[in-house]
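Hi,

Here is the structure I promised to pass on. Have a look at it first, and then read on for what turned up.

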Amino acid sequence: MTTGIRLIVGLGNPGREYEATRHNAGFWWVDAVAAGKSACFKPEKKFHGLAARLAVNNREVWLLKPETFMNLSGRAVSALAGFYKITPDEILVVHDELDLPPGTVRLKKGGGHGGHNGLKDIIAQLGTPDFWRLRLGIGHPGDRDAVVNFVLNAPQRAEQELIDAAVDTSLAGLPQLLSGDFPAAMIKLHTKPKSEGA
């Protein structure tokens, strides 16, 4: 039997100055989940972040926003997963993705870190890349040297609207993610609304 997701980690940097930056797209997604489920994030020192607990179909599901800064995200993920005995294939990490245009969402399991420091640290701390990732497209500045500045700045208004819309529509795949029906979740997440001519 396939187990569903028990821990959803949104990646980002703590602090008001980072709230609106592209690198915090993962935080935006888990914030949207929490808002939809009327869940509240609370500081959890032992998990190095802000955590919220959901009760879904008589199961406990955790939302986590590491407060360690991006390049130490794995410390928070491994602490909470270890405490609640959550396996890597029950973890979904939501993060910004340079290789996808704004408005695009992709679900995948495993793979490399693609230069993403948050993923790099989570892979190192868990000892495996075999966790689920929800990739939120933010686009690419076109120049590798411009990437750091790009991810640490806010999207342009048109890009922000596309990302916000992608966050909203991708939440429709949450029930399938939590139940472990990943093929159905992929269909929901990867299908664009008909109004966009897709």
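A word on terms before the rings: a residue is called buried when its relative accessible area is under 20%, and exposed when that area is over 50%. By that cut-off Trp132 and Phe182 are both buried. Please keep in mind that this is a predicted model.

**Aromatic pairs**

There are six aromatic pairs in the structure. One of them is edge-to-face: the ring centres of Phe47 and Phe83 are 5.5 Å apart, with 65° between the planes. Phe47 belongs to the loop between strand 2 and strand 3, while Phe83 belongs to helix 2, so this pair ties together parts that lie 36 residues apart in sequence. The two partners sit in unlike surroundings: Phe47 is buried, at a relative accessible area of 1%, whereas Phe83 is partly exposed, at 49%.

Trp132 and Phe182, the two buried residues above, form a stacked pair, with 3.9 Å from centre to centre and 15° between the planes. Here the link runs from strand 7, where Trp132 lies, to helix 7 (residues 182-190), which holds Phe182, so parts 50 residues apart in sequence are tied together.

Ring pairs also join Phe47, Trp62, Phe83 and Tyr84 into a cluster. If you care about charges over rings, there are two to look at. Arg22 lies over the face of Phe150, 3.7 Å from the ring centre, and Lys65 lies over the face of Phe41, at 4.7 Å from the ring centre.

**Strands 2, 3 and 4**

Strand 3 (residues 49-56) has six of its eight residues buried, so the rest of the structure largely encloses this strand. Strand 3 pairs with strand 2 (residues 42-44) in the antiparallel sense, over three bridges. With strand 4 (residues 59-66), strand 3 is also antiparallel, and eight bridges join the two; Leu54 has Val61 of strand 4 as its bridge partner.

Both connections are hairpins. Between strand 2 and strand 3 there are four residues, and His48 in that hairpin takes a positive phi near 55°. Between strand 3 and strand 4 there are two residues, and Asn57 in the turn has a positive phi of about 50°.

Which residue of strand 3 stands opposite Pro43? Leu50 does. Pro43 is found in strand 2 and is exposed, with a relative accessible area of 69%. Leaving aside neighbours within four places in sequence, Pro43 is in contact with Gly49 and Leu50. The C-alpha atoms of Pro43 and Lys65 are 9.5 Å apart, although 22 residues separate the two in sequence.

**The nonpolar cores**

The largest nonpolar core has 34 residues, and those with the most contacts inside it are Ile5, Ile8, Trp29, Leu92, Leu107, Leu134 and Leu177. Helix 1 (residues 25-36) gives the most to this core, contributing six residues. A second core is separate from it and has 19 residues, among them Ala81, Ile91, Ile122 and Phe131.

Ile5 is a good residue to click on. Beyond residues up to four places away in sequence, Ile5 touches a list that includes Arg59, Val61, Asp89, Leu92, Trp132, Leu177 and Phe182. Both partners of the stacked pair are on that list.

**His116 and helix 3**

His116 lies in the loop between strand 6 (105-109) and helix 3 (117-126). Is this histidine buried or exposed? At 8% relative accessibility, His116 counts as buried. Its side chain makes a polar contact of 2.9 Å with the side chain of Asp96. A polar atom of the His116 side chain also lies 3.1 Å from the backbone nitrogen of Gly118. Not counting neighbours within four places in sequence, His116 is in contact with Leu11, His23, Met70, His95 and Asp96.

Gly118 is itself buried, as are Leu119, Asp121, Ile122 and Ile123 in helix 3. The elements that cover the buried residues of helix 3 include helix 2 (73-83), strand 5 (91-97) and strand 7 (132-137). Just after helix 3, Gly127 takes a positive phi of about 75°.

Happy browsing, and best wishes!

Definitions and conventions
Residues are numbered from 1 along each chain as its sequence is written. This is a predicted model: local features need pLDDT of at least 70, side-chain atom pairs count only at pLDDT 80 or more; totals for chains, interfaces and linings use all residues. Side-chain values use heavy atoms; hydrogens and water are left out. Buried means under 20% relative accessible area, exposed over 50%, partly exposed in between (1.4 Å probe, protein chains only). Two strands pair if DSSP finds at least two bridges between them. A nonpolar core is a set of buried Ala, Val, Leu, Ile, Met, Phe, Trp, Tyr and Cys residues joined through side-chain atoms within 4.5 Å. Contact means heavy atoms within 4.5 Å. A polar contact is a pair of N or O atoms within 3.5 Å; within protein, one must be able to donate a hydrogen and the other to accept it, and residues adjacent in sequence count only if both atoms are side-chain atoms. Rings of Phe, Tyr and Trp (its six-membered ring) pair if their centres lie within 6.5 Å; planes under 30 degrees apart count as stacked, over 60 as edge-to-face and the rest as tilted. A charge sits over a ring if NZ of Lys or CZ of Arg is within 6 Å of the ring centre and within 35 degrees of the ring normal.
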